[in-house]
Amino acid sequence: MASDDRLRNFRSLGKKIMAVGRNYRALAAEQGNPIPEKPIVFMKPTTSYITEGQSIKIPLGCKTLFFEVELGVIIGRRCSKVQEQEVDDYIGGYCLVLDMTAQDFQRGAKAKGHPWCLSKGFDTACPVSDFIPKEKVKNYSDIELWLKVNGLIKQKSSTSDMIFSFPQVISYISSYITLEEGDVIITGSPAGAGPVEPGEIIEAGLADIMNIKFPVIAQ
Ligand SMILES: CC(=O)CC(=O)C(=O)O
Ligand SMILES: [Mg+2]
């Protein structure tokens, strides 16, 4: 397993941001979607990462930018076809993530059966926290995630509402795609995802372990 010192650098170490969509029961109910039978998997490019001190930029032509707070798992060493019971051996740490989504682009793409790439992968679409050491998250199956816009709470949930657990998600993705040191898997948004406007400030947290804050600006 990579050391915490190496994994602190996960944004340049990893090659992939793998993402799971529609993975919370309350979100599925809120959006009127059926419970998926298998994890819905997509990718975001690592060029979409930003860190605190940088701003989320609304992509050109986007009229409705949505926030989604998610828990990210950082892969600690290369793995493929991992059994669910072995998954913990490959988790190197965690990060708190905003899966920013150009919701109008995504809606248009879904209607035509097109991919979500632009709606999820534009520059600044993946604000992330610093590295969170593995031992700080005692129980990844029941930990609180929250998000505020301009100080008002918009999302507050526990990972216990996830449809597919961390072991199920990581095992499933690794059955098809080799995961490498520093790759991040973002595990889905709880209910309450919604729009943000230029000039607003997004704050998010993982229990009392990590807080992040990002302003939203026009191009
Ligand atoms: C519809 C979505 O944007 C899916 C997604 O990313 C999620 O977290 O759920
Ligand atoms: Mg998401």
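**Ligand 1, the magnesium ion and the neighbouring sheet**

Ligand 1 is surrounded by Val20, Gly21, Arg22, Leu27, Phe42, Glu68, Glu70, Asp99, Gln106, Lys120, Gly188 and Ser189, each with a heavy atom within 4 Å of the ligand. The model is predicted: local features need pLDDT of at least 70, side-chain atom pairs count only at pLDDT 80 or more, and totals for chains, interfaces and linings use all residues. Residues are numbered from 1 along each chain as its sequence is written, chains are lettered from A and ligands numbered from 1 in the order in which they are written, and side-chain values use heavy atoms, with hydrogens and water left out.

Polar contacts (pairs of N or O atoms within 3.5 Å) to ligand 1 include three side chains. A polar side-chain atom of glutamate 68 lies 2.8 Å from an oxygen atom of the ligand. For glutamate 70, the distance from a side-chain N or O atom to a ligand oxygen is 2.9 Å. For glutamine 106, a polar side-chain atom lies 3.2 Å from an oxygen atom of ligand 1. Taken alone, ligand 1 exposes 280 Å², and the protein buries 98% of that. Accessible areas come from the Shrake-Rupley method with a 1.4 Å probe.

The magnesium ion (ligand 2) has as protein donors Glu68 (OE), Glu70 (OE) and Asp99 (OD). These lie 2.0 to 2.1 Å from the ion. Donors are N, O and S atoms within 2.8 Å of the metal (3.2 Å for Na, K and Ca); water is not among the atoms, so the site may look incomplete. In sequence the donor residues are spaced E-x1-E-x28-D. Distant parts of the chain are linked by glutamate 68 and aspartate 99, which are 31 residues apart. Glutamate 68 sits in the loop between strand 5 (65–67) and strand 6 (69–75). Aspartate 99 sits in the loop between strand 7 (91–98) and strand 8 (101–102). Strands are DSSP runs (E, at least two residues), as are helices (H or I, at least four), numbered from the N terminus. Glutamate 68 counts as buried because its relative accessibility is 13%, the limit being under 20% (1.4 Å probe, protein chains only). Aspartate 99, at 0%, is also buried.

Strand 5 belongs to an open three-stranded sheet with the order 8-5-14 and antiparallel pairing. Strands pair if DSSP finds at least two bridges between them. Strand 8 and strand 14 (194–196) are the edge strands, each pairing on one side only. Three bridges join strand 5 to strand 14. Phenylalanine 66 has proline 195 as its bridge partner in strand 14.

The UniProt record, an unreviewed entry, annotates residues 16–216 as "domain: Fumarylacetoacetase-like C-terminal". This span is 15% helix and 35% strand. Its end C-alpha atoms lie 24 Å apart.

Note on methods
Buried means under 20% relative accessible area, exposed over 50%, partly exposed in between (1.4 Å probe, protein chains only). A polar contact is a pair of N or O atoms within 3.5 Å; within protein, one must be able to donate a hydrogen and the other to accept it, and residues adjacent in sequence count only if both atoms are side-chain atoms. UniProt positions are given in the numbering used here, feature names are shortened, and annotations may be inferred rather than shown by experiment.
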